[in-house]
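Here are some exercises to work through with the model open beside you. Try each task before you read its solution.

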Amino acid sequence: MIVALAGGVGAARFLEGLINVVPPERVTVIVNTGDDIELYGLYISPDLDIIMYTIAGIVDRIKGWGIENDTFNCLDMLRTYGLETWFLLGDRDMATHIYRTFLLRQGLRLSEVVRILSKALGIKTTIIPMTDDRVQTMILTDSGVLHFEEYLVKRKARDRVRGVLYKGIEDARPAPGVIDAIMNADGIIICPSNPVVSIGTILSIKGIREALRKARAKIVGISPIVGGAPIKGPADKLMRGLGIEVSAYGVAVLYRDFLDYFIIDERDSHLIDRIESLGIKVFVTNTIMRSLEDKVRLARLAVSIIGLSRM
Ligand code: FO1
């Protein structure tokens, strides 16, 4: 089994390549839920949905989130009622949130809900939320403490970042299957996701980082930072705000205690020596994923590095 740690859009793009390189049922994805948010009484889980929709082949490919060809009638009506509608939830996407909330209210755990939704969408890959407990990534700014989605979408990441807080992390435990998957993996991939608020949140759950350190499988990461900037999202602002160097090296430092290999972009080849001085072997390639071929090529490299090319 290949185990991947994942956030949202960047991870989903990579995973699309991965399930073309190895059988989808041989992949387990552990997904960040720190971005989860309640709106209109509905439980919304952006990263889980991005991963599910992408693997199911129904994601809006332009945006990288939401469902393709979705309409926004429900949101328009909510706006008519005077509600805030800064988080763009499509009509079909809304059905996911309604059903998830309905199942959670019946007492099911988030991991059980994900299993039900995945099955309904015909997904063969195992998708597990990092935890069944409520964790919320909060961004400390001069305008106050903001939920990550409020910081990113409502306020367009314009506030200066002073710190990051994982609300609820102390009481959160890994979801069933998370630690087992890591300990029994044949190979582990850290997807090109935000190292602070996607992978960083997963790593903050008690026991996960330790499991990665102890895992017998080789661990390869893919840098989400290329040429000193993130491929997508606000990783640079968050890293800078926390005093972390905004580079593939800065990411490698965050993963240095468990990472064996790191794939960085050609534009960052000048960082090889610095990263390798951390005890991490570096591989250089074009990491930008535009086409399916790009995704497959990157996934094939990751899989071959961890020695699983014949799975
Ligand atoms: N991102 C945006 O930039 N604007 C949106 O209105 C928005 C809505 C949205 C709805 C459902 C969903 O699953 C994701 C959505 N995203 C939106 C993406 C999301 O904000 C982030 O990209 C992730 O949370 C970070 O991984």
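**Exercise 1.** Decide whether A157 is buried or exposed, and describe its backbone and its place in the chain.

*Solution.* Start with accessibility in this predicted model: the relative value for A157 is 7%. Buried means under 20%, so A157 counts as buried. Next, look at the backbone: A157 has a positive phi of about 55 degrees, although this residue is not a glycine. Finally, place A157 in the chain: the residue lies in the loop between α6 (148-154) and β8 (161-167).

**Exercise 2.** Now do the matching analysis for Y40: which accessibility class does this residue fall into?

*Solution.* Y40 has a relative accessible area of 29%. The partly exposed class lies between the 20% and 50% cut-offs, so Y40 is partly exposed. As for the backbone, the phi of Y40 is near 55 degrees, a positive value in a residue other than glycine. Y40 sits in the loop between β3 (37-39) and β4 (42-44).

**Exercise 3.** Work out how α2 and α4 are oriented to each other, and which residues make their contact.

*Solution.* First take the geometry: helix α2 (residues 46-56) packs with helix α4 (residues 91-105) at an angle of about 120 degrees, and the axes are 12 Å apart. Now classify the angle. Roughly perpendicular covers 65 to 115 degrees and roughly antiparallel begins over 145, so α2 is oblique to α4. The crossing of the two helices, α2 and α4, is right-handed. On the α2 side, D49, M52 and Y53 make the contact, and on the α4 side D93, T96, H97 and R100 do. Sorted by class, the contact of α2 with α4 holds two nonpolar, two polar and three charged residues.

**Exercise 4.** Describe the pairing of β9 with β1 and β10, then say which way the residues of β9 point.

*Solution.* Begin with β1 (residues 2-6): four bridges join this strand to β9, and the two run parallel. In that pairing, I2 stands opposite G187 in β9. Then turn to β10 (residues 218-222), which pairs with β9 in the parallel sense, also over four bridges. Here I190 has G221 of β10 as its bridge partner. For the directions, recall that side chains in a regular strand alternate between the two faces of the sheet. In β9 (residues 187-190), G187 and I189 point one way while I188 and I190 point the other way, and all are buried.

**Exercise 5.** In what order do the strands of the sheet containing β6 run, and which strands are at its edges?

*Solution.* Three strands form an open sheet in the order β7-β6-β8, with antiparallel pairing. The edge strands are β7 (144-147) and β8, since each pairs on one side only. From one strand to the next, the twist averages 30 degrees. Looking closer at one pairing, four bridges join β6 (residues 136-141) to β7, and L140 stands opposite V145 in β7.

**Exercise 6.** Where does R109 sit, and what is R109 in contact with beyond its neighbours within four places in sequence?

*Solution.* R109 is in the loop between α4 and α5 (110-120). At 44% relative accessibility, R109 counts as partly exposed. Leaving aside the neighbours within four places in sequence, R109 is in contact with L104, D132 and P176. For a distance to check, the C-alpha atoms of R109 and S143 are separated by 34 Å, with these positions 34 residues apart along the chain counted as their separation.

Notes: Residues numbered from 1 in each chain as written. Predicted model: local features only at pLDDT ≥ 70, side-chain atom pairs only at ≥ 80, totals over all residues. Heavy atoms only, no water. Buried < 20%, exposed > 50% of the residue type's maximum accessible area, 1.4 Å probe, protein only. Axes fitted to C-alpha atoms, helices over the stretch in contact; angles between N-to-C directions. Parallel < 35°, antiparallel > 145°, perpendicular 65-115°, else oblique. Left-handed = near helix turned anticlockwise from the far one by under 90°. Contact = heavy atoms within 4.5 Å. Nonpolar A, V, L, I, M, F, W, Y, C, P; charged D, E, K, R; others polar. Pairing = 2+ DSSP bridges.
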